[in-house]
Amino acid sequence: MSDSSTTNEKYAPSAEFAAQANATADLYTEADADRLAFWDKQARRLTWDQEWSEVLDWSQAPVSKWFVGGKLNVAANCLDRHVDEGNGDRVAVHWIGEPKSDARDITYSELLADVSRAANYLSSLGLVAGDRVAIYMPMIPEAYIAMLACARLGLTHSVVFAGFSSAALRSRVDDAEAKVVITSDGQFRRGKPAPLKAAVDEALGSDLPNVDGPAASVHKVLVVRRTGIDVDWDAERDVWWDEVVPEQPDTHTPESFDAEHPLFLLYTSGTTGKPKGIVHSSGGYLVQASYTHYNVFDLKPESDVYWCTADIGWVTGHTYGVYGPLSNGSTCVVYEGTPNSPDEHRHFEIIEDKKVSIYYSAPTLVRTFMKWGHEIPAAHDLSSIRVLGSVGEPINPEAWRWYRDNIGGGKAPIVDTWWQTETGAIMVSPLPGVTETKPGSAMRPLPGISMDVVDNDGETVASEEQGLLVGTEPWPAMLRGIWGDMDRYRDTYWSHFAEQGYYFAGDGAKWDSDGALWVLGRVDDVMNISGHRISTSEVESALVGHEAVAEAAVVGASDEQTGQAIVAYVILREHHIGSGDELVDALKAAVSKEISPIAKPRDITVVPELPKTRSGKIMRRLLRDLAEGREVGDTSTLSDPSIMEALQKK
């Protein structure tokens, strides 16, 4: 949570940077004068096969239609047009594997040929536009190729983070009714191969809890040979990528799709257990992805080397790892491994070797770098860096300054970006050649974006007062719904301010006296762990699924390293024996297996009872006070206030 005492510290862009910047202050003036004309102009940065008749149709609010009647192909905008414009020899991807010997540079022409082969193979399976394909892969070239091949064919891809469990994969496959899963035999983690296809086999089988049988929708599993580890094989279902894709023709004629055609689903945590399949369109999504990437990062495609460190399993990896940068003809770094494998110098070696000029990462990684010490980046020539980005959660001012001084050479502007899976693209951010920045503030909504901070009645709050962050006007990359559950979409995002027609972001925020926006973190039961959204109910369900646990309550507590950390309080079943470190370790392992290692609680405390109201609602607010070491708030509504006294003594 940002502190208002930091709001007077300002960093203006240098005259040198401002003079060459893509974005100017005129963008704000232009967008304010005519918002829809502004977006019409941004859309014309792309190649369309059929022009739109209307920029925005909001008549079915809260479902929007942007660039109505327009048709385009997303993959053609990311590949073919750059090749057609004579840039086929430009490197699209510097791929760097985790074993240092693994690396591959892929030009736009080569990537187009690879994507065409994959598209031809997927077509041969009988897939048609609108079918869903699940992608469960590490950060290897074939992951990018698979996404773009789906986009080329109008197949709606659902990327599942390769760190998620087989149960998480199965729930997403079932919800989307995916017909094909694309995966790899395994992935490298800290230099060692780890299985991945095995999780797919488990997910598609019938041995998982809470599934009735094999995943009926899936009829093919396409497997990339990455690590060479042994895998089980279903000869009717499983196919090796290297045996079927390379033999396909390396040309493919793309089809045009309606601007509203669903490009992808991406599942995100909700405050109730079932993950939500966020639906994103083709036209509006790509327009905002491309516009924001070009202006927020001040991209010069002829000379910049751009690195977004996010995995494709998250929306940042979609919008600023794949679609935004490739639509702008960027040269991108894609790194398979972890930041400290084989040692803590890895990221800085890559920046130095590839002359990375734009680096976009998360505050949790910046804080990790801080912990390792400034000597590590100082051992490398990072002078190529000219823009730094932050994403996933508010960056604390101390980390912001460290980032600028130690990685940005004391001069690179920082774009602290706020957006969500649901927004599709950046909504609030400085423009690096325009904005006078404040450490810890995302500053102001981008040109064309309308947001406010309001109270519970939807009224704008005064400066320096905390309120709720809302979107007041539709935007092109906004989600088009929750897959198969439009009622949940309306209820989750629009019911809070139904009268005003505002989108509720779920974050607290404030304006400061200079009009800068400070995002203050989640106000619902979704925790933000290192920029990854995990719902309290998901973790509680995983804990209660263990034979020892009768009841669990989970809260997010402030954590210097990860922004928030998961803290759990559990009541054991009556006849369970044992409650020591061994049990706590087993419970942490159970959550890690059921959801992901990201969701593993930092602390688990065994308690005799949980604080509840007379109606039986767990008072997580009090548990959060306890977890963060604060004085416990009002306990008068508890059915038994003495419970908190007992917990404070533990």
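Asp-298 sits in the loop between α11 (283-296) and β16. This is a predicted model, and in it the phi of Asp-298 is near 55°, a positive value in a residue other than glycine. Most residues other than glycine have a negative phi, and most peptide bonds are trans. Asp-298 is also buried, with a relative accessible area of 1%. Lys-355 likewise has a positive phi, of about 55°, without being a glycine. Lys-355 belongs to the loop between α13 and β18. Is Lys-355 buried or exposed? With 56% relative accessibility, Lys-355 counts as exposed, because the cut-off for that term is over 50%.

Two peptide bonds also deserve a look. The bond from Ala-61 to Pro-62 is cis, with omega near 10°. Pro-62 is found in the loop between β1 (54-57) and β2 (65-68). Ser-341 and Pro-342 are likewise joined by a cis peptide bond, with omega at about 5°. Here the proline, Pro-342, lies in the loop between β17 and α13 (346-354).

Strands β16, β17 and β18 lead to the sheet they belong to. It is an open sheet of 7 strands in the order β5-β4-β17-β16-β18-β19-β20, and its pairing is mixed. Which strands stand at the edges? They are β5 (103-107) and β20 (414-416); each has a single partner strand, so one side of each is left without a neighbour in the sheet. On average, neighbouring strands of this sheet are turned by 15° against each other, direction ignored. Strands of a sheet pair through backbone hydrogen bonds, either parallel or antiparallel. One pair can be followed in detail: β18 (residues 358-361) and β19 (residues 387-390) pair in the parallel sense over 4 bridges. Within this pair, Tyr-360 has Gly-389 in β19 as its bridge partner.

Helices pack on this sheet. Helix α6 (residues 108-124) touches β4 (91-96) and β5, and its direction makes about 90° with that of β5. Helix α12 (residues 315-327) lies across β4, β16 (305-308), β17 (331-335) and β18, and runs at about 160° to β16.

Helix α12 is also a way into the interior. Ser-327 is in this helix and is buried, with a relative accessible area of 1%. Its side chain reaches the backbone oxygen of Gly-324 at 2.7 Å. Leaving aside neighbours within four places in sequence, Ser-327 is in contact with Asn-77, Cys-78, Arg-81, His-82, Leu-286 and Ser-290. Two of these, Arg-81 and His-82, are buried residues of helix α5 (residues 80-87), as is Asp-80. What covers the buried residues of α5? The cover includes α4 (74-78), α6, α7 and α12.

The largest nonpolar core has 116 residues, and among them Phe-67 and Tyr-323 touch the most other members. Helix α7 (residues 141-153) gives the most to this core, with 10 residues. Not counting residues up to four places away in sequence, Tyr-323 touches Val-74, Cys-78, Met-147, Leu-148, Ala-151, His-157, Leu-263, Tyr-285, Leu-286 and His-318. Cys-78 and Leu-286 are therefore contacts of Ser-327 as well as of Tyr-323, because each has heavy atoms within 4.5 Å of both. Apart from the largest core lies another core, of 45 residues, including Ala-199, Trp-240, Leu-583 and Ile-595.

One annotated stretch comes from a record. UniProt, in an unreviewed entry, lists residues 25-78 as "domain: Acetyl-coenzyme A synthetase N-terminal". Over residues 25-78 the chain is 41% helix and 19% strand, with the end C-alpha atoms 28 Å apart.

The last stop is a pair of strands further along the chain. Strand β29 (residues 563-572) and β30 pair in the parallel sense over 4 bridges. Ala-568 has Ile-604 in β30 as its bridge partner. In a regular strand the side chains alternate between the two faces of the sheet. Strand β30 (residues 603-606) has this alternation: Ile-604 and Val-606 point to one face and are buried, whereas Asp-603 and Thr-605 point to the other and are not.

Key
Residues numbered from 1 in each chain as written. Predicted model: local features only at pLDDT ≥ 70, side-chain atom pairs only at ≥ 80, totals over all residues. Heavy atoms only, no water. Pairing = 2+ DSSP bridges. Helix = DSSP H or I, 4+ residues; strand = E, 2+ residues; numbered from the N terminus. Axes fitted to C-alpha atoms, helices over the stretch in contact; angles between N-to-C directions. Core = buried A, V, L, I, M, F, W, Y, C linked by side-chain atoms within 4.5 Å. Buried < 20%, exposed > 50% of the residue type's maximum accessible area, 1.4 Å probe, protein only. Polar contact = N/O pair within 3.5 Å; in protein donor to acceptor, adjacent residues only side chain to side chain. UniProt positions renumbered as here; feature names shortened; annotations may be inferred.
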